[in-house]
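Biologist: Before I accept any label, I would like to see the value behind it and the cut-off it is set against. Could you go through it that way?

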Amino acid sequence: MSAPAQNASTRHAPAQIPARAPGPIGRFLDSDLWYNFRRSPTAMIAGAVALVCVIGSLFASWLAPHDPFNLASLSLSNSFIPPVPLKGSQWTFPLGTDDQGRDMLSAIMYGGRISLIVGFSSVLFATVVGIGIGLISGYGGGTLDAVLMRIADVQLTFPAILIALVVDGIVSAALHQLHEVTEIYVIIFAIGISNWPQFARTVRGSTLVERNKEYVMAARVIGISGPRIMLTHILPNVLGPVLVIATINLAVAIVTEATLSFLGVGLPPTDPSLGTLINNGNSYLFSGQWWITVFPGAALVIMVLSINLLGDWLRDALNPRLN
Amino acid sequence: MALLEVPLLEVPLLEVEDLSVEFPTRRGVLKALDRVSFTIETGEVLGVVGESGAGKSLTGAAIIGLLERPGRIAGGRILLSGRRIDNLPQDELRRIRGRRIGAIFQDPLTTLNPLYTVGRQLAETMQVHLGLPDAEARRRAVSWLEQVGIPAPAERVGAYPHEFSGGMRQRVVIALALCAEPELVIADEPTTALDVSIQAQIITLLRRLAREHGTAVMLITHDMGVIAETADRVAVMYAGRIVELGPVQRVIRHPAHPYTEGLMASIPTLEGRPGGRPGGRLCRLRQIEGAMPRLSAIPPGCPFSPRCPKVFARCTEVRPELMAAGETEAACWLYAPALAEAAHG
Amino acid sequence: MADSPAPLFEAEHVTRVFDVSGPWLQRITSGEKRRSLRAVDDVSFSMSKGTTLSLVGESGCGKSTMARMAVGLYAPSRGKIRFEGEPLSAARADARLRRRMNMIFQDPYASLNPRWRVSRIIAEPIRAFGLLRSAREIAARVGELLLQVGLQPSDGEKFPHEFSGGQRQRISIARALSSEPEFLVCDEPTSALDVSVQAQILNLMRDLQRRLDLTYLFISHNLAVVRHMSDRLGVMYLGRVVEIGPADEVFSAPLHPYTRMLLDAIPDLSMSGRSRTPVAGEVPSPIAPPPGCTFHPRCPLANERCRHERPEYTLSGAMLVACHAVAEGRRAA
């Protein structure tokens with residue numbers, strides 16, 4: 001009878017690990033991930049660049065020097081002003097202006113905002129759909145799993161951009177009347193739907209592993225329901241790889257949106273994203289006004305590259321075998 | 001230089017002197033091995049026993065130069081026949097590995113190449129290390145399979161690793177480790193992945209072959225039973241140090257270090273101990289309270305002191321080195337004559 | 001089997017078959033037949049309250065499958081399992097009965113959700129069965145359970161990775177106890193632990209059994225551990241229980257040749273120099289078990305009958321044995 005009391009002394013050897021800050025932020029700052037981040041110059045630079053892009057875009061209405069959508073402030077006399085070091089440039093328009101006299105820098109910031117919003121939303125959409133299907137498929141197994149995964153396989157054989165194009169075409173046609181208003185949602189839906197299989201496959205794979213772990217069995221023994229096990233036990237344990245794919249997919253989604261917009265099936269010129277801007281400037285590329293297309297293009301590359309590098313770093317950092 | 005390295009007769013086959021291994025981590029450097037010293041004589045079987053994390057596998061890995069990064073040898077020397085091997089360049093070490101030191105690991109699949117037949121792997125090993133001609137190597141491959149007890153060796157020589165069962169694979173690995181006629185084999189948990197009935201077969205085989213070929217074996221395991229059956233001497237490891245070293249019979253029957261004593265007493269046995277209750281079950285097992293300290297928090301002095309029933313002041317202050325304790329050696333202040341008196345008095 | 005009148009747990013002719021055939025498409029294209037694996041084959045036993053029945057055997061003998069069937073993680077393909085006289089499926093559907101059974105797992109690293117704090121892990125059964133409602137009561141109960149298994153109430157705030165293997169197994173036990181069960185299935189609870197820690201856990205389990213009148217179905221491959229824990233012992237080989245009886249008798253006078261072989265295979269720590277004959281051969285694939293008695297290829301006593309006819313159980317004293325040689329009184333030459 002006395003044994004458990006004795007065992008109280010059985011606990012850890014003295015002073016194992018210094019006491020930890022219990023809060024989630026404290027835990028993050030103490031985590032291997034943060035430590036790893038601080039030690040990776042690539043990740044730090046990519047993170048800083050991505051942060052500048054995100055802040056510059058999201059707060060464009062406060063930070064941008066001009067409002068490119070305020071028609072009243074536009075003046076055609078300001079059109080085709082070259083970027084700063086060149087002859088005839090003005091400091092008011094550091095990256096020059098386009099054919100309508102819009103400040104390129106402001107247009108890029110506003111365009112980046114649209115690109116980011118579309119990117120984030122479509123990835124969020126793909127993540128939610130993919131996680132849901134992946135969890136059900138992996139946990140349920142059987143015929144449902146086979147059917148869902150074959151659908152994912154079939155979709156994966158087509159390039160995502162093609163799927164997005166087709167979906168966008170179909171939905172736009174169906175919603176013809178409302179096109180201007182709904183286009184951004186259509187684009188989000190189209191890009192999201194073209195990317196869910198990756199999430200579903202990854203989540204399913206991780207779910208298959210987690211499902212057979214003993215902590216899940218322990219929950220099953222006491223009769224916890226399937227959906228509850230999926231949400232409270234399995235989901236938190238499969239989020240690591242999802243985060244990696246989501247980051248890399250964000251870059252892909254932004255490029256997809258830019259491609260669609262460049263092809264003219266994406267966002268309307270009244271609501272220009274980076275892709276629209278590139279498309280816009282394309283016609284002036286050979287008439288000497290290269291900055292109208294090159295600067296939005298460079299912004300897109302920098303943003304996508306930094307996000308992608310972050311994703312790569314995250315994948316390595318979360319891979320237990322490399323640590 | 002070369003002349004000076006002619007091995008003298010009295011030089012032991014393997015000499016490990018004050019070997020320390022460190023792992024730099026974000027929370028500081030962890031000392032995984034702390035001044036470990038022992039020798040292995042030609043043809044001797046040395047058992048290295050300890051709980052997980054005690055450093056036994058690391059010791060083996062350090063000797064064959066297969067420490068996983070970021071682990072590094074932080075001090076000490078390793079000598080094979082009197083010649084240092086811990087500071088050799090990688091390619092020279094690779095030549096020693098396989099030719100003079102063989103290795104057997106817990107999972108046979110990590111040693112065997114799934115793409116080649118076992119015969120080819122055996123033959124190639126012998127060609128590389130012994131310079132045998134093709135035909136001779138192949139003939140010997142069959143003979144090795146026979147020696148390790150694989151039925152129908154002449155046919156099985158053309159089989160791939162996946163065509164063998166777990167126990168048979170481990171036999172092939174033993175053949176592979178021994179076929180280059182090394183002087184020392186490091187066997188790291190060679191039976192842990194196997195069923196009890198197969199374990200006994202593999203141990204018997206390993207012991208027999210080592211005797212026949214005069215190969216010394218460093219047998220790393222957590223299983224005292226395996227050591228008892230196989231080893232001549234045993235080194236007991238705890239928290240990266242050797243706490244007891246001696247002839248296996250002595251250590252098992254009359255353990256000197258309180259840790260070894262507790263360890264032996266906590267092993268459940270079939271024979272049972274006096275005091276079994278009439279309900280049929282035996283009495284409580286003796287248990288060592290607590291757990292081995294993590295590497296990040298090894299206490300000063302003797303690492304076992306927080307769990308030791310015989311602890312006294314000195315133990316928590318100064319680290320004990322191995323010292324004579326009856327017929328074994330123990331790293332324990334109880335065996336420092338002057339101090340022990342103080343402790344009891 | 002002359003057990004006390006009302007057994008807590010009974011298994012009657014329980015069989016579990018797994019379908020191990022390839023995927024449907026592959027079967028169709030290559031003309032493969034369906035293949036099945038009989039993991040548990042016609043197993044019967046019963047347990048009365050407060051006792052321990054152990055099942056031992058090598059890997060692939062079906063002991064873990066049996067353990068999982070006992071708590072309803074798998075359904076038997078044939079046969080009946082009863083808990084408190086109720087069919088297991090009915091007992092599992094009734095939260096009051098389901099509460100009374102729980103399980104302890106082998107791997108202390110996989111059996112605790114790494115993203116949950118210990119207190120939440122232990123409280124999960126309490127919440128699931130609605131045993132306590134208020135957060136304060138639950139916290140108090142969790143603290144009590146932690147003390148009971150030799151940890152501190154403050155440990156509840158930590159995450160599993162902050163504990164050693166033995167401490168995690170204590171947490172596992174605390175979780176299993178939190179629903180106040182009577183019947184615990186223990187699937188190799190100490191085989192992932194070091195010996196000195198194993199002794200702590202085994203002692204703890206025995207103390208708890210005595211104090212809380214627990215009934216254990218104890219699964220292990222280690223005969224010495226089983227020796228320490230069991231009242232009754234069943235030895236499994238390729239899905240069948242080949243010998244079952246009071247643990248003392250199985251150890252002192254084993255009848256089945258396989259049991260004797262297993263006992264012989266345990267390394268001898270006393271260094272008495274007893275000569276050991278290593279067991280010959282390996283366990284055959286359970287997908288294509290040998291005909292007749294499945295042990296005959298490794299059995300020193302096998303004869304023609306063993307190769308063809310499957311042995312039924314014979315009662316020998318208090319032991320049930322499935323062996324022709326024992327039934328006929330054949331002995332080793």
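Modeller: One definition comes before the rest: a residue is buried under 20% relative accessible area, exposed over 50%, and partly exposed in between, with a 1.4 Å probe and protein chains only. This is a predicted model, in which local features need pLDDT of at least 70, side-chain atom pairs count only at pLDDT 80 or more, and totals for chains, interfaces and linings use all residues. Residues are numbered from 1 along each chain as its sequence is written, chains are lettered from A and ligands numbered from 1 in the order in which they are written, and side-chain values use heavy atoms, with hydrogens and water left out.

Biologist: Why is Glu321(B) called partly exposed?

Modeller: Glu321(B) has 37% relative accessibility. Partly exposed is the class between under 20% and over 50%, so the label follows.

Biologist: What makes Arg319(B) and Glu321(B) a salt bridge?

Modeller: The term asks for a side-chain nitrogen of Lys or Arg within 4 Å of a carboxyl oxygen of Asp or Glu. For Arg319(B) and Glu321(B), the closest N and O atoms are 3.9 Å apart, so the pair counts. Arg319(B) also forms a salt bridge with Asp34(B), where the closest N and O atoms are 3.3 Å apart.

Biologist: Are Asp34(B) and Arg319(B) buried or exposed?

Modeller: Asp34(B) counts as buried at 13% relative accessibility. Arg319(B) is buried too, with a relative accessible area of 17%.

Biologist: Which parts of the chain does the pair of Asp34(B) and Arg319(B) link?

Modeller: Distant ones: Asp34(B) lies in strand S2 (residues 28-40) of chain B, and Arg319(B) in the loop between helix H11 (258-266) and strand S11 (323-325) of chain B, 285 residues apart. Helices (H or I, at least four residues) and strands (E, at least two) are DSSP runs, numbered from the N terminus.

Biologist: How do you know that strand S1 of chain B pairs with S2(B)?

Modeller: Two strands pair if DSSP finds at least two bridges between them. S1(B) (residues 14-25) and S2(B) have 9 bridges in the antiparallel sense, so they pair. One of the partnerships is Glu22(B) with Lys31(B) in S2(B). A hairpin of 2 residues joins S1(B) to S2(B).

Biologist: What separates Glu304(C) and Arg307(C) along helix H12 of chain C?

Modeller: They are 3 residues apart in H12(C) (residues 304-308), which means about one helical turn. An α-helix has 3.6 residues a turn, so residues three or four places apart point the same way. Glu304(C) forms a salt bridge with Arg307(C), the closest N and O atoms being 3.4 Å apart. Glu304(C) is partly exposed at a relative accessible area of 47%, and Arg307(C) is partly exposed at 33%.

Biologist: Which residues of chain B do salt bridges with shared partners join into one network?

Modeller: Asp34(B), Arg35(B), Arg241(B), Arg319(B) and Glu321(B).

Biologist: How many salt bridges are there between chain C and chain B?

Modeller: The count is 0, although the search of the whole structure finds 47 over all chains. Chain C and chain B bury about 3900 Å² between them, 51% of it on carbon and sulfur atoms. Buried area here is the accessible area (1.4 Å probe) that two parts lose on being put together, summed over both. The contact (heavy atoms within 4.5 Å) takes 46 residues from chain C and 46 residues from chain B.

Biologist: What makes S2 and S5 of chain C edge strands?

Modeller: The order in an open sheet of 4 strands is S2-S1-S4-S5 (chain C), with antiparallel pairing. S2(C) (36-47) and S5(C) (86-87) each have a single partner strand, so one side of each is left without a neighbour in the sheet.

Biologist: Why is strand S7 of chain C called mostly covered?

Modeller: In S7(C) (residues 183-187), 5 of its 5 residues are buried. Phe183(C), Val185(C) and Asp187(C) lie on one side, and Leu184(C) and Cys186(C) on the other. In a regular strand the side chains alternate between the two faces of the sheet.

Biologist: How many bridges join S7(C) to strand S8 of chain C?

Modeller: There are 5, and S7(C) runs parallel to S8(C) (residues 215-220). Val185(C) stands opposite Leu217(C) in S8(C).
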